[in-house]
Each structure stands twice: as C-alpha cells, then as structure tokens.
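Here are a few exercises to work through with the model open beside you. Try each task before reading the solution under it.

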Amino acid sequence: MPDHSFHPFCEDRIKPLPMMIDDADARQLFARASMGQTAYHVWAERARKERRFNTARLFDALSAARLARAGAAFHRLGGIRSTAENVASALAGLAVDAGDAGRATGTTDFARELLARAQRAASEGRDLRASELGDLFVCTTCGELQEGELSGACPQCGTVAEAHRAFRAIEAMGTLGPHAIMAFLEHTEEALRALVADLDEASLSRRMTATTPSLKEQIGHLADMDAVFRERAWLLLETEHPVLPPAHPPTLDSAAVYRDQPIDAVLDAYHMTRKQTLSLLRGLTSAAWHRSGSHELYGTINLLHQANWVIYHERSHLIDMAQLRHDLIAGDRRRYQDATVTGVVVTGSNEGE
Ligand SMILES: [Zn+2]
C-alpha cells in the first residue's frame, strides 16, 4: 500500500551534499556540524545577554550554516525517512559513532574572516557595528554563507535565493510585526501585576544576591526603558530620518530608587508610561512602522526594530522576574524544587521571534 503520509514531490526537500563523501566522512561531518551548531547557538544567546546584538546575529547565521551542513550529512547517511519511520528511529535511540569529530567551528575561510571582525570589536569592548557586518544569508541546503545582498541562486549548490535564511541587521532584535508587537506591549502590565500578586513589600524589595535586582527595581527599570522607547518612537514618527540619541538606555542600577517605593507607586509609574506609548502606536499604518532613522550601532533602523528591541528586553526581564517570584515563594516555604509552588504567571514569553 502506498504511503500517503508525505507528498512525493516534497520528499527530497533536503538534498544530499553536492560533493561525494563516504559514510565515515558523513558521520564525522554530522557530529562536527551538530556540535558547531549548538556551540554557535548558545554563544548567540550569551551575546544577546551581553547586548551584543550584531555579534549574536553572526553566531546565529553561523549556527544556521552548521545546521544545514549537519542536515545534509544526516540525509547522506539515510537518516531522513517517512515520519512514521523517523518516530521509530527516535524511539530506538539514534547512535552516532563519529570517532574524533574534529574542529566544529571556524571551519571556512569566510566564517573565520567574519569571526575576526567580531574579535576586533570584542577586543575594544563593544558590539560589531552594522557597517562592519552586513546582512547575512545562509543557504538552507548546503550552509553556504553570504554577506550583503543575494544576487541569485546559491553559487555552491544552486538553491534559489528564496530558500535562504536571512539574518538582517534591521531584524537583529527580532522579527515581530505590528500586530504581535501591540499584543505584547498591551499585556505586559497584566503580567507584572500577576508577578507581584500575594508578595509583601519586603519580598518585592528583596535582592536575592548583592548584585541581582529586586522585583520593584526590575519593574521600575521597565518603566524607564519604556519612556526611552517612546521618545525614540516619537522621533521616528515625527521627524525625517532622525539620528537616535547616542545616550545609552537607563541601566538597572539607576532603577535602585524604585526599591524604596510602595509597589503600587512602581506599578503606577509603569502604567502611566506604557499607556502613553500604546496611544502613540495604536492604529499606525504599515508605512509608519517602517519609518526609519539611524542608530550608531545598528545603522538604518525602523520603528519595528525599536519595538522588537523593547520587547526583547521586556521579555527577558519577565522571565527573570518569574524565576525570582518562584525562588522567593519556594524559598519561604522550603520547597525549592517543588514545581507546583508557582504556576505559569507570564504567558507568551517563549513564543518564537
Ligand atoms: Zn547552497
């Protein structure tokens, strides 16, 4: 009986490697590229935590390139069959004997050139500038990496430009569109109120360590950041291609003042600024969301970029705050490992970019 679980023409979407390699080489490449993919991926996450968004973009692109290579090698090994067979393989436990896999990152001359630029920036204690790292494109078939603009199909394997993954400077902060942006911005206050529910003033002001902020400081910090975001949004909407002020956004340290305020005052501060921000953004046309300006690090940016920036920042803090709430409550009840101490208070924090 024919298998109708997949469309026959879709079967070969992942093509095998263009060059001929034997099984031993393919096993080694599968292991090496898989390890490289993971290393680049977690390095990208770390770079974002350090607010090095262009360096993170480079690591993300290199990770995608390694994934394509690993996928092609896996395909060469006959690892990709029908979903029913793949489920059976997954249950059986995939075993790979790759021997000594060898070097997992920095494997092409071009990757090394890009990494050298990142090294130069890092040695100066800063992120790569958009002028130092153009838009990056990764061929999803063979992992070929290109910078700048795509002129056509992949020069290595002939895969069309449409099947490349883009890592654009203007999307370094994420790719949420207006609808998702507004939905997120409208719901943060609700999440903040859920996070502080049933915690007393002392707990809300408590720092778990000398260097980690309390819940009140984090909420106050989000209010400060929202005001900066609104000012930038206003400049983008009301002036022609503004140069965004180089002043760095308020740091968490400057939010220490909120620690001595009652939680209602801190939440009010957040409520007031977000309300103004939402009324500035509500009902904007697509053209308005694409109005652009210049940023010293990110080059040409637009309102979508800035909104993704503030959402990325807010989402990271919401996750930290959910953890802090859990630790405060669990610690008080000496049930540190008990998963049921706090339910899910922040929703939508793990949706895709
Ligand atoms: Zn290719």
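**Exercise 1.** In which loop does D198 lie? Work out its exposure and its backbone angle too.

*Solution.* Keep in mind that this is a predicted model.
- Step 1: find the place. D198 sits in the loop between helix 5 and helix 6 (201-205).
- Step 2: count neighbours. There are 9 other C-beta atoms within 10 Å of D198, and the cut-off for exposed is 12 or fewer, so D198 is exposed.
- Step 3: check the backbone. Phi of D198 is near 65°, a positive value in a residue other than glycine. Most residues other than glycine have a negative phi.

**Exercise 2.** Now do the same for H241: where is its place, and is it buried or exposed?

*Solution.*
- Step 1: H241 belongs to the loop between helix 7 (215-238) and helix 8.
- Step 2: H241 has 11 other C-beta atoms within 10 Å, so it counts as exposed.
- Step 3: the phi of H241 is positive, near 40°, and again this is a residue other than glycine.

**Exercise 3.** Put the strands of the sheet in order, and say which strands are at the edges.

*Solution.*
- Step 1: list the pairings. Strand 1 (residues 136-139) pairs with strand 2 (residues 145-147) in the antiparallel sense over 3 bridges. Strand 1 also pairs with strand 3 (residues 164-167), antiparallel over 4 bridges.
- Step 2: pick out partners. V138 has L145 of strand 2 as its bridge partner, while L136 stands opposite F167 in strand 3.
- Step 3: assemble. The 3 strands make an open sheet in the order 2-1-3, with antiparallel pairing. Strand 2 and strand 3 are the edge strands, as each pairs on one side only. From one strand to the next, the twist averages 25°.
- Step 4: look at the turn. Strand 1 and strand 2 form a hairpin with 5 residues between them, and G143 in the turn has a positive phi of about 85°.

**Exercise 4.** Which residues of strand 1 point one way, and which the other? Then find the helix lying across the sheet strands.

*Solution.*
- Step 1: recall the pattern. Side chains in a regular strand alternate between the two faces of the sheet.
- Step 2: apply it. L136 and V138 point one way, F137 and C139 the other way, and all are buried.
- Step 3: add the helix. Helix 2 (residues 53-76) lies across strand 1, strand 2 and strand 3, and runs at about 10° to strand 1.

**Exercise 5.** Stay with helix 2 and take A56, which is placed there. What is A56 in contact with, leaving aside its neighbours within four places in sequence?

*Solution.*
- Step 1: A56 has 23 other C-beta atoms within 10 Å, so it is buried.
- Step 2: beyond those sequence neighbours, A56 contacts A44, A47 and R48.
- Step 3: take A44. A56 and A44 are 12 residues apart in sequence, yet 4.2 Å apart in space, C-alpha to C-alpha.

**Exercise 6.** How do the axes of helix 5 and helix 8 cross, and what sort of residues make the contact?

*Solution.*
- Step 1: the axes of helix 5 (residues 178-196) and helix 8 (residues 263-281) come within 10 Å and cross at roughly 170°.
- Step 2: therefore helix 5 is roughly antiparallel to helix 8.
- Step 3: name some of the residues. Helix 5 contributes, among them, M182, L185 and R193, and helix 8 residues including I263, Y270 and R274.
- Step 4: sort the contact residues. They divide into 9 nonpolar, 3 polar and 4 charged.

Notes
Residues numbered from 1 in each chain as written. Predicted model: local features only at pLDDT ≥ 70, side-chain atom pairs only at ≥ 80, totals over all residues. Buried ≥ 20, exposed ≤ 12 C-beta atoms within 10 Å, placed from the backbone. Helix = DSSP H or I, 4+ residues; strand = E, 2+ residues; numbered from the N terminus. Pairing = 2+ DSSP bridges. Axes fitted to C-alpha atoms, helices over the stretch in contact; angles between N-to-C directions. Contact = placed C-beta atoms within 7 Å. Parallel < 35°, antiparallel > 145°, perpendicular 65-115°, else oblique. Nonpolar A, V, L, I, M, F, W, Y, C, P; charged D, E, K, R; others polar.
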